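Here is a short report on one protein chain. Please keep the sequence and the 3D view open while you read.

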Amino acid sequence: LLNEGSVLRIGNIKIEALHTPGHTPEHLSFMVTDCAVANSPMGVVTGDFLFVGDVGRPDLLEKAARVAGASESSAKAQFASVQRFRSMPDHLQVWPGHGAGSACGKAMSAVPQSTIGYEKLFNWAFQIPDEAEFVRQVLLGQPDPPRYFGEMKRLNKLGPAILGGLRRPARLPETRLRPLLRDGALVVDLRTAPDFAAGHAPGSINIPLNRAFTGWAGWLLPYDKDFYLIVDESTTATVDAAVRDLALIGLDRIGGFFGSEALAAWKENEGPLATVPQVGVEVLAGPRDGRLVLDVRDDSEWAGGHVPGATHIPLGRLPDRLDEIPRDREIVVHCQGGSRSAIAASLLLAGGFTRLANLTPGYAGWLSAGMPVERSSTP
């Protein structure tokens, strides 16, 4: 096992382990020295400890692995790790494990690398010398961790199943789609949100195969049963990309996939495809006539401002909270820009809700139209 001070040598490259706890108790960073030309490090691989403009979140052990009370102690350890890096030379390069869009932090830059000197000047974590204030700030406003984070903790501890390589799932005949949905199987349509809204197999859900795919798949797909895919083309490239992305977060129970011809066959043999109505902010500008506005953004987004009178359920929690939503009212679902709400609309339709629409411009469109907002200090 590697510990503080452990050294690996690969040719002229020296790699020294540094214990930088906080994100996790066992977290290591790695100092890199090019011994062919230098006798001191050129940079440090910081993993999930130090990002460009941010530090790793210390709350996952408690939120994802259910270790009660771990957030505060981890935040204090993160503070100590930051103080250790204060004394390092400014020229050291910083090579983090993640960038903007990762759920492992809350304010990561899209810049792929940095230096210790730059982070000392501009990273918020280096601007707070008081431990108590650092703990408060680092735990404030952290996004909900995807469900798969808990699974990753388990796999990191016990080790993954040996797959023997990635297996391409079988292409299923169109005639299988109806029986699967009738029997309650989970069918995931990977097409774009507009394509899904224009026509989809009733009962399927939509998680578009884009940059956010693995995050939402990790929130919404099960680890303990098979699920099935619908792709937007007959080539295996799309299927292979989905299989690879899902395997990266331990989701490997793909029972098979359908091509888009399954949807054409549905129209021919089963009847019309289901659709998702798309509406603009004008629908909510006047009397709502009993409509329920459902905001599926994160807690911090909701606290920063929301449509007056809206109901708030973050997208990742929606499958477990469907019983809180009345079925006798029309539902207008929205997020910031329309993508998360498209997924939410598919979950609602698959859950038996029939009167709903997606607010396509989202909350950003609501603001652009000059509509009133409410704010709250707590989610």
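The report moves from the whole chain to its sheets, helices, cores and a few single residues.

**Overall picture**

This is a predicted model. The chain has 379 residues, and 46% of them count as buried. Its secondary structure comes to 14 helices and 17 strands. Along the principal axes, the C-alpha trace spans about 70 × 55 × 35 Å. Take the contacts between residues at least 6 apart in sequence: 67% of these join residues at least 24 apart.

**Strand pairing**

Strands of a sheet pair through backbone hydrogen bonds, either parallel or antiparallel. The table lists four pairs from this chain.

| Strand pair | Sense | Bridges | One residue pair |
|---|---|---|---|
| β2 and β3 | antiparallel | 7 bridges | E16 and M31 |
| β9 and β10 | parallel | 2 bridges | V188 and I205 |
| β14 and β16 | parallel | 4 bridges | L292 and I331 |
| β16 and β17 | parallel | 3 bridges | I331 and L356 |

**The six-stranded sheet**

One open sheet has 6 strands in the order β1-β2-β3-β4-β7-β8. Its pairing is mixed. The edges are β1 and β8 (114-115), and each pairs on one side only. Inside this sheet, β2 covers residues 13-19 and β3 covers residues 28-34. E16 of β2 has M31 as its bridge partner in β3.

**The four-stranded sheet**

Another open sheet has 4 strands, ordered β10-β9-β11-β12. Here the pairing is parallel. Strands β10 (205-206) and β12 (254-258) stand at the edges with a single partner strand each, so one side of each has no neighbour in the sheet. Strand β9 runs from 186 to 189 and is joined to β10. Within that pair, V188 faces I205.

**Around β16**

Strand β16 (residues 331-334) pairs with β14 and also with β17 (residues 356-359). I331 takes part on both sides: it is the bridge partner of L292, and it stands opposite L356. Which way do the side chains of β16 point? I331 and V333 point one way, V332 and H334 the other. All of them are buried. With helix α13 (residues 339-350) in the middle, β16 and β17 complete a right-handed β-α-β unit.

**Two helices**

Helix α2 covers residues 70-86. At 1.5 Å a residue, its 17 residues should span 24 Å; the end C-alpha atoms are 25 Å apart, which agrees. Several of its residues are buried, including A70, F79, V82 and F85. Polar residues are on that buried list too, among them S71, S74, Q78 and S81.

Helix α8 (residues 213-220) has 6 of its 8 residues buried, so the rest of the structure largely encloses it. The buried ones are F213, W216, A217, G218, W219 and L220.

**Nonpolar cores**

In soluble globular proteins, nonpolar side chains tend to be buried together. The largest nonpolar core in this chain has 52 residues. Those with the most contacts inside it are V188, L221, F227, L294, L318, I325 and L348. What does F227 touch, leaving out residues up to four places away in sequence? The list is L186, V188, L221, P222, L246, L251, R253, I254, G255 and G256. Two of the core residues named above, V188 and L221, are thus among the partners of F227. A second, separate core has 20 residues, including L18, L92, V135 and V138.

**Two residues to look at**

Start with S6. It sits in the segment before β1 (7-10). Is S6 buried or exposed? Its relative accessibility is 18%, so S6 counts as buried, the cut-off being under 20%. A polar atom of the S6 side chain lies 2.8 Å from the backbone nitrogen of N3. Beyond its neighbours within four places in sequence, S6 is in contact with L1, I15, E16 and A17. E16 is the β2 residue whose bridge partner is M31.

Now turn to D289. This residue lies in the loop between α11 (282-285) and β14 (292-295). D289 has a positive phi of about 50 degrees, although it is not a glycine. At 68% relative accessibility, D289 counts as exposed, because the cut-off is over 50%.

Notes: Residues are numbered from 1 along each chain as its sequence is written. This is a predicted model: local features need pLDDT of at least 70, side-chain atom pairs count only at pLDDT 80 or more; totals for chains, interfaces and linings use all residues. Side-chain values use heavy atoms; hydrogens and water are left out. Two strands pair if DSSP finds at least two bridges between them. Buried means under 20% relative accessible area, exposed over 50%, partly exposed in between (1.4 Å probe, protein chains only). A nonpolar core is a set of buried Ala, Val, Leu, Ile, Met, Phe, Trp, Tyr and Cys residues joined through side-chain atoms within 4.5 Å. Contact means heavy atoms within 4.5 Å. The expected span of a helix is 1.5 Å times one less than its number of residues. A polar contact is a pair of N or O atoms within 3.5 Å; within protein, one must be able to donate a hydrogen and the other to accept it, and residues adjacent in sequence count only if both atoms are side-chain atoms. A crossover is right-handed if, with the strands pointing away from the viewer, the path from the first strand over the helix to the second runs clockwise.
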